[in-house]
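Biologist: I would like to learn how to read a few features of a model, one at a time. Please give the general idea and then the case at hand.

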Amino acid sequence: MAFSVAQVGNALFKVDPATGAATQLTLPSGVTLSTTRKPQFAVLNQWVAVVNSPTQNLVIDPEGTVRLMTPRVPMTTPLVASGGAGNITGSIKVKVSNVVFDTAGLLLMESPLSAASQTVSLSANSLSISNIATSLEGTTGWGRRIYRTLAGGTVYYKIADIEDNVGTTYLHNLADAGVELLPIDEGVLVSPPGTLPGTWMKTIVAWKSRLWGISSSLDALDTVVYSEPNKVYAWPNDLIAYPTGQDREGVIAFAPRRDELGVLKRYGLWTIAGDGDTFGLVQVQQGRGGCISVGTVVPINDNVYWLGDDGVWEWGPEGLRNVSDEAVAPWFKSDTFFNRTRFANAFAKYNALRKTYELHLANAGDSTENRWVSFNIENRKWYGPHLTSAFTPVSAQLVTDSDGLPVVYMGGTNGIIYEKN
């Protein structure tokens, strides 16, 4: 069943688009949600990623369970010893990972591997493995995956799954010829920024079957990290938007189009292009076309719209252009209409019913986003400013209902989600 996800206060809710019923979701142990940092969402296949507001990155799996984006690394190192007479000869090491299985027993997620065990030398013995760490996440769907080297080797091969989160021992008795043909690529199982408390991933987007994100860490503000294809838990890749260190914000937002992913800083646009395993990042425009608020970035068809210091920008097949300068420049370049000091708090949505990009701003002198203006992408005209007086909006989003029809939702400071009519 299709559903929407919303954060209300310090809780996540699953919202049924047909009935409007909201069900609170259970967060993983030890994870809380900030009420000052707005959540950022991305959907990859049937996974929903949630970053920025959680103390650790979250995903909602296809079965509706909220999990850490990347499972925690096993906390202890496995112990190995001879298990008696058996089929293994040679010097062996072992590593383990925490894994998540779906109800059909298929692998959903895997953590980075543990530290390696000590070396055990076997001579026609079985391999006894103990002190296998259990996950701190609970029991539902959790298990462990065990890897070992071949005799005298340095790479690791899967030998077994423990499909529970209880057992801490395993007896293995397959000779080298009986293990899997291909080794595990440990370099793929890399956790993204925001896996440990203290930093977080401040924005995220799905593009080209991958998730792309930006860390809040001050030494990585210009670095784009991205996952392996269709793997929400494996993030070994990165690109850097040069020049670095231009400002304290670094990369602010992503602007996804069909064949290019825009990377937006305060004072310019970069673009990522590529396919398969090869991507490159180049600067398109510096000094103009930058973004001031991640919440204002809205893809519409193959164009993307966002708010910059000097107005609203459109990036598409015809290039980059300011669409507010000609008719409504004073809205964004003077203090007459809106509180420009709150532009970083602005947010926007696409109203598919009216074919308009709708931008929510604070009235001049006010400290909440209580006004909104709209740009019609067909007739290229601006409308507004409009007033929302029934409640104070804090978020807006275009979704589809159970029949696949477009619906515009708006969230208020009162904790209520409104359907726009």
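Biologist: Is Asp-325 buried, partly exposed or exposed, and why?

Modeller: This is a predicted model, and the values are computed from it. The class follows from the relative accessible area: under 20% is buried, over 50% is exposed, and partly exposed lies in between. Asp-325 is partly exposed because its relative accessible area is 34%.

Biologist: With which residue does Asp-325 form a salt bridge?

Modeller: For a salt bridge, look for a side-chain nitrogen of Lys or Arg within 4 Å of a carboxyl oxygen of Asp or Glu. Asp-325 has Lys-333 as a partner, and their closest N and O atoms are 2.9 Å apart. Lys-333 counts as partly exposed, since its relative accessibility is 43%.

Biologist: What can be said of the salt bridge between Asp-335 and Arg-340?

Modeller: The closest N and O atoms of Asp-335 and Arg-340 are 2.9 Å apart. Asp-335 has a relative accessible area of 55%, so it is exposed. Arg-340, at 31%, is partly exposed. Elsewhere, Arg-145, Lys-158, Asp-161 and Glu-180 are joined into one network by salt bridges that share partners.

Biologist: How many salt bridges does the structure hold?

Modeller: There are 22 salt bridges in the structure. One of them joins the side chains of Arg-210 and Glu-228, at 3.9 Å from N to O. This pair links distant parts of the chain, as its residues are 18 apart: Arg-210 is in strand 16 (residues 210-215), while Glu-228 is in the loop between strand 17 (223-226) and strand 18 (237-240).

Biologist: Are Arg-210 and Glu-228 buried or exposed?

Modeller: Arg-210 and Glu-228 are both buried.

Biologist: Strand 16 has come up. In which order do the strands of the sheet with strands 15, 16, 17 and 18 lie?

Modeller: To read a sheet, go through the pairings from one edge to the other. Here four strands form an open sheet in the order 15-16-17-18, and the pairing is antiparallel. At the edges are strand 15 (201-207) and strand 18, each of which pairs on one side only. On average, neighbouring strands of this sheet are turned by 25° against each other, with direction ignored.

Biologist: How many bridges pair strand 15 and strand 16?

Modeller: Six bridges pair these two strands, in the antiparallel sense. As a point of reference, Thr-203 has Ile-214 of strand 16 opposite to it.

Biologist: Which strands stand at the edges of the sheet with the order 1-2-3?

Modeller: That sheet is open and has three strands, again with antiparallel pairing. Its edges are strand 1 (4-8) and strand 3 (22-24); each has a single partner strand, so one side of each is left without a neighbour in the sheet. From one strand to the next the twist averages 35°. Between strand 1 and strand 2 (residues 11-15), which run antiparallel, there are five bridges. Ser-4 has Val-15 in strand 2 as its bridge partner.

Biologist: Where is Gly-20 found?

Modeller: Gly-20 is in the loop between strand 2 and strand 3. Gly-20 is partly exposed because its relative accessible area is 47%. Along the chain, Gly-20 and Tyr-418 are 398 residues apart, but their C-alpha atoms are separated by 9.3 Å.

Biologist: Turning to empty space, how many cavities of 30 Å³ or more are there?

Modeller: Rolling a probe the size of a water molecule over the atoms shows where empty space is left. In this model the count is two cavities of 30 Å³ or more. The largest cavity holds about 40 Å³ of space. Its lining consists of Arg-72, Val-73, Pro-74, Met-75, Asn-98, Thr-134, Ser-135, Leu-136 and Glu-137. By class, four of the lining residues are nonpolar, three polar and two charged.

Biologist: Which residues line the second largest cavity?

Modeller: Gln-56, Asn-57, Leu-68, Met-69, Thr-70, Gly-194 and Thr-195 form that lining. The second largest cavity has a volume of about 30 Å³. Two of its lining residues are nonpolar, five are polar and none is charged.

Biologist: What does the secondary structure of the whole protein come to?

Modeller: The protein has one helix and 33 strands. Its C-alpha atoms fill a box of roughly 85 × 45 × 35 Å along the principal axes. Of its 421 residues, 50% count as buried.

Conventions. Residues numbered from 1 in each chain as written. Predicted model: local features only at pLDDT ≥ 70, side-chain atom pairs only at ≥ 80, totals over all residues. Heavy atoms only, no water. 1 Å grid on protein atoms, 1.4 Å probe; cavity = no way out; pocket = protein on both sides within 12 Å on 5 of 7 lines; lining within 4 Å. Points joined across faces, edges and corners; volume = space filled by probe spheres on them. Nonpolar A, V, L, I, M, F, W, Y, C, P; charged D, E, K, R; others polar. Buried < 20%, exposed > 50% of the residue type's maximum accessible area, 1.4 Å probe, protein only. Pairing = 2+ DSSP bridges. Axes fitted to C-alpha atoms, helices over the stretch in contact; angles between N-to-C directions.
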